[in-house]
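This report was prepared for a reader who wishes to go from the overall build of a structure to selected side-chain arrangements. The sequence and the model are shown first.

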Amino acid sequence: MSQAVRTTERQVTGDLYAEVRTFYARQMRRVDALDIEGFAETFTEDGEVLHANGELAKGRQAMVAGMRAALPRYRDIAVRHWFDHLLIEPAGPRDEELRVSYYSLVTRTDRAGVVTFEPTFTVEDVLVRRDGRLLTRSRVIHRDGPAAV
Amino acid sequence: MSQAVRTTERQVTGDLYAEVRTFYARQMRRVDALDIEGFAETFTEDGEVLHANGELAKGRQAMVAGMRAALPRYRDIAVRHWFDHLLIEPAGPRDEELRVSYYSLVTRTDRAGVVTFEPTFTVEDVLVRRDGRLLTRSRVIHRDGPAAV
Amino acid sequence: MSQAVRTTERQVTGDLYAEVRTFYARQMRRVDALDIEGFAETFTEDGEVLHANGELAKGRQAMVAGMRAALPRYRDIAVRHWFDHLLIEPAGPRDEELRVSYYSLVTRTDRAGVVTFEPTFTVEDVLVRRDGRLLTRSRVIHRDGPAAV
């Protein structure tokens, strides 16, 4: 039964890869446009985000409230989230979920065009399908720290 | 006819996703190598680029002339264009075009290895197929600014 | 026989594109976690890396030794390798190899969260398939320099 051991290395199809990347392309356009409600709608109603600082936003309403409170910080900058190295793994009893992890780099461009960077992050999502569309059910954001050597 | 409403969210196949990414991988290698003529050939003969500063280059010849005039600015740096979050949407009466938008980050590495950044951009392209190959017919480059809050 | 001329522009399938990107997603997680042995195992036993400074690591053992010697440099930083613009081309007499080239950006985030950058690189790999899994057989890393103008 060596196949069972390889479950987590099952091949991702090109179609699924493109679908997941497209999902994030839309989700990130919304958060970067500060379209808070639109961003929250890319999560399930009970979706949650565990931020790198330990704060947990549970449910769309909490997510919207938290983001609204943070808006003043974005008044004069254009934020962009860049992703790389997606790992997509079907999960759940009937593969109805996707575990997706990825690297994330965040740029902040001010009005003068000067770009600064947030620390890099690694993110772990669980995506689910509702009426054929992908939604994020949970997100855990890790701030990257030095590896143990 | 709820299907019609979803037209813009039609699923991109893995094959098309890979083809478009490969197209840009080649196009960006040419522009970053300052292969101006080679870069212009990835556009249709009447292709155009609307730059973020409002300048319009209309047709391959204008594109080449504009880039040649800008060459001195690149004498001592290695420029690289980085893309992310591609959204690919078939368009035109018979889906013969692709509307593609993406994030773009531009690095400039000097001879000492120091990396600086241009402001971030969002780009909107229309790609068409000629003899089976993709070409850019139009490009609109937007410099990212703060979102309205 | 104009087809023959186009060999190097053969279309990459979505499935292959996703497989290669997933391979690198795993390989980069290992190197960025300083999992030196795990990283070396993503190469063939006789795999080699030609670094941008001219140093050649030949075989997994040499690779591990070289990386172990460099570990002190990574004590206080989180390194992340970001890839873009992959070009994937089947090669070898029976397409049993893949030539893959890509852009690489390397971030270094210190404990305070400050991000700095290594010079940008372009990398040329040869990947082979062993027991169904991809492995890197050779890697040539080029530091990006100004293009000839």
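The text below describes one chain as a whole, then aromatic and charged side chains, and finally two backbone angles.

**Chain A as a whole**

The structure is a predicted model. Chain A contains 4 helices and 7 strands, and their order from the N terminus is α-α-α-β-β-α-β-β-β-β-β. Along the principal axes, the C-alpha atoms of chain A occupy a box of roughly 60 × 40 × 30 Å. Of the 149 residues in chain A, 54% are buried. When contacts in chain A between residues at least 6 apart in sequence are considered, 50% of them join residues at least 24 apart.

The accessible surface of chain A amounts to about 7,300 Å², and carbon and sulfur atoms account for 51% of that area. Chain A carries 22 positive and 23 negative charges, and the mean positions of these two sets are 2 Å apart.

**Aromatic pairs**

Over all chains, the whole structure holds 24 aromatic pairs. Two of these pairs are set out in the table.

| Pair | Centre-to-centre distance | Angle between planes | Class |
|---|---|---|---|
| Tyr103(A) and Trp82(C) | 5.5 Å | 80° | edge-to-face |
| Tyr24(C) and Phe83(C) | 5.4 Å | 70° | edge-to-face |

Why is the pair of Tyr103(A) and Trp82(C) edge-to-face? The planes of the two rings stand at 80°, and an angle over 60 degrees places a pair in that class. This pair crosses between chains: Tyr103(A) lies in strand S4 (residues 97–110) of chain A, and Trp82(C) lies in strand S3 (residues 77–91) of chain C. Tyr103(A) and Trp82(C) are both buried.

The pair of Tyr24(C) and Phe83(C) links distant parts of the chain, with the two residues 59 apart in sequence. Tyr24(C) belongs to helix H2 (residues 14–32) of chain C, whereas Phe83(C) belongs to strand S3 of chain C. Tyr24(C) has a relative accessibility of 1% and therefore counts as buried; Phe83(C), at 6%, counts as buried as well.

In chain A, ring pairs join Phe23(A), Tyr24(A), Phe83(A) and Tyr102(A) into a cluster.

**Charges over rings and a buried histidine**

Arg80(A) places its charged end over the ring of Tyr103(B), at 5.6 Å from the ring centre. The charged end of Arg80(B) sits over the ring of Tyr103(C), likewise 5.6 Å from the centre.

Is His85(B), in strand S3 (residues 77–91) of chain B, buried or exposed? Its relative accessibility is 2%, so His85(B) counts as buried. Apart from neighbours within four places in sequence, the contacts of His85(B) include Tyr24(A), Met28(A), Arg29(A), His81(A), Trp82(A) and Phe83(A) in chain A. Within chain B, His85(B) is in contact with Ser101(B), Tyr102(B) and Tyr103(B).

**Positive phi angles**

Most residues other than glycine have a negative phi. Leu34(C) is not a glycine, yet its phi is positive, at about 60°. This residue is placed in the loop between H2 and helix H3 (36–40) of chain C. At 18% relative accessibility, Leu34(C) counts as buried, because the class covers values under 20%.

Asp131(C), also not a glycine, has a positive phi of about 50°. Asp131(C) is found in the loop between strand S6 (121–130) and strand S7 (133–143) of chain C. With a relative accessible area of 80%, Asp131(C) is exposed.

Note on methods
Residues numbered from 1 in each chain as written. Chains lettered and ligands numbered in written order. Heavy atoms only, no water. Buried < 20%, exposed > 50% of the residue type's maximum accessible area, 1.4 Å probe, protein only. Contact = heavy atoms within 4.5 Å. Areas by Shrake-Rupley, 256 points an atom, 1.4 Å probe, with all protein chains shown as cover. Lys, Arg positive; Asp, Glu negative; His and termini not counted. Charge placed at Lys NZ, Arg CZ, Asp CG, Glu CD. Phe/Tyr/Trp six-rings, centres within 6.5 Å; stacked < 30°, edge-to-face > 60°. Lys NZ or Arg CZ within 6 Å of the ring centre and 35° of its normal.
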